Amino acid sequence: MRRVRYESTGGPLFLEETPVPEPGPGELLVRCEAVGVTLPIVRKVTEAAEPIALGGEIAGEVVAVGEGVTRFRPGDRVTGLCFGHGYADFALLHEAMASPVPDGATSVDAVALVRSGLVALGALASARPVRGESVLVTAAASGVGQLAVQLARARGAGRVVGAVSDPAKADFVRSLGADDCVRYADDSWGEPVDCVLDAVGGDLLTPALAALAPHGRLVAYSSGGGTIQAYDLLVGAKSVIGFQMALIARGRPELYEQWRQELWRLFADGTLKPAVHGEFALEDAAKAHEAIESRSNLGKVVLRP
């Protein structure tokens, strides 16, 4: 089979031939039909001291199962988070991280919706918005951000604002249901909001916090880090909440499943429409990473083995 690998920080990415792996206890062997490309993986390629396995969201058909697997069998269509080599023709997926893909949905739909949607829904839930409150979403044109905009609207936000790096993305963000779209570089992000869902971090935390109304809540779910001054919280009685999907998956499996079912329900009734920026062949993984790095993507970036 083929898989994508690299040998030193920053790449380059290349294809190699390697044997198809055998599923171990509790594992599924999945023939990959779609693989989601995410900013955290792109950052690890460019920043991690040692090469990592290129994992992440995968979707496809189960072709074999390991000892102890009870929920799935060969022929089932699944999606889930792969912690090993996922940029490949075949990948191993632990049963606990797998969920079924319903009839009527494609593998591309699955990788565009489930993991990104779980993060978006979890971040929104962490802000505890009251119906009618306003929500601002940074990285609003990204795979997660586009779903956060739609979910905020679906859950009764009174006003939804998208924040982006490039004004060329504004029409796309408004098409998702946002009432307005601001640019990171703008002097002001407009009328203060009750909640900010921040996927960027770093220097953007300062204007994101400034965009909050008194008693507002900022949910930080970025891998970009950043520092917040305590005084900036005190003067407006503002709050900052950290959110990590892995903690929910490990510690609150019932909530994880509840959110997953909500996402598929909203997809089935047409409320959630995940946008896909582009589908790239496995050998073009470097181009997929470039789309993420350049911040040019409008929606999810997907590899098609």
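Select G143, V144, G145, Q146, L147, A148, V149, Q150, L151 and A152, which are the buried residues of helix 3. Bear in mind throughout the tour that what you have open is a predicted model.

Now widen the selection to residues 143-154, the whole of helix 3, which has twelve residues and reaches 17 Å from its first C-alpha to its last, close to the 16 Å expected at 1.5 Å a residue. As you turn the view, you will find this helix mostly covered, since ten of its twelve residues are buried. Continue along the chain to G156, just after helix 3, where the backbone takes a positive phi of about 95°.

**A neighbour of helix 3**

Next select S116, which lies in helix 2. Is S116 buried or exposed? Its relative accessibility is 2%, and because buried means under 20% relative accessible area, S116 counts as buried. If you show its contacts, leaving aside residues up to four places away in sequence, you will see that S116 touches E57, G143, V144, L147 and K300. Of these, G143, V144 and L147 are among the buried residues of helix 3 with which the tour began.

**The nonpolar cores**

Stay with the inside of the protein and select Y87, L197 and L303, which, of the 85 residues in the largest nonpolar core, touch the most other members. Helix 2 supplies the largest share of this core, with eleven residues. Apart from this core lies another, of 14 residues, which includes L136, V196, A211 and L218.

Return to L197 and display what surrounds it: not counting residues up to four places away in sequence, L197 touches A123, L124, A127, V135, L136, V137, T138, A148, V219 and Y221. One of these contacts, A148, is a buried residue of helix 3.

**Helix 5 and L209**

Move on to helix 5, residues 205-210, and pick out L209 within it. L209 has a relative accessible area of 4% and is therefore buried. Which residues does L209 touch, when those up to four places away in sequence are not counted? They are L218, I228, D232, L233, K238 and V240. For a sense of distance, select L282 as well, which is 73 residues from L209 along the chain, and draw a line between the two C-alpha atoms, which are separated by 39 Å.

**The largest pocket**

Switch to a surface view and select T38, L39, P40, Y221 and S223, which lie nearest the centre of the largest pocket among the 47 residues that line it. The volume of this pocket is about 1400 Å³. Helix 1 gives the most to the lining, with five residues, while the elements that each supply at least two residues also include helix 2, helix 3, strand 9 and strand 15. If you colour the lining by class, you should find 27 nonpolar, twelve polar and eight charged residues.

**The second largest pocket**

For the last stop, select R71, A96, M97, A98, S99, A249, P253, Y256, E257 and R260, which line the second largest pocket. Strand 7 and helix 8 are the elements that give two or more residues to this lining, and the largest share, four residues, comes from helix 8. Its volume is about 160 Å³, and by class the lining has six nonpolar, one polar and three charged residues.

Technical notes: Residues are numbered from 1 along each chain as its sequence is written. This is a predicted model: local features need pLDDT of at least 70, side-chain atom pairs count only at pLDDT 80 or more; totals for chains, interfaces and linings use all residues. Side-chain values use heavy atoms; hydrogens and water are left out. The expected span of a helix is 1.5 Å times one less than its number of residues. Buried means under 20% relative accessible area, exposed over 50%, partly exposed in between (1.4 Å probe, protein chains only). On a 1 Å grid over the protein atoms alone, a cavity is a set of points where a 1.4 Å probe fits but cannot get out, and a pocket is an open set with protein on both sides within 12 Å along at least five of seven lines; lining residues have an atom within 4 Å of a point. Grid points are joined across faces, edges and corners, and a volume is the space filled by probe spheres set on the points. Ala, Val, Leu, Ile, Met, Phe, Trp, Tyr, Cys and Pro count as nonpolar, Asp, Glu, Lys and Arg as charged, and the others, Gly among them, as polar. Contact means heavy atoms within 4.5 Å. A nonpolar core is a set of buried Ala, Val, Leu, Ile, Met, Phe, Trp, Tyr and Cys residues joined through side-chain atoms within 4.5 Å.
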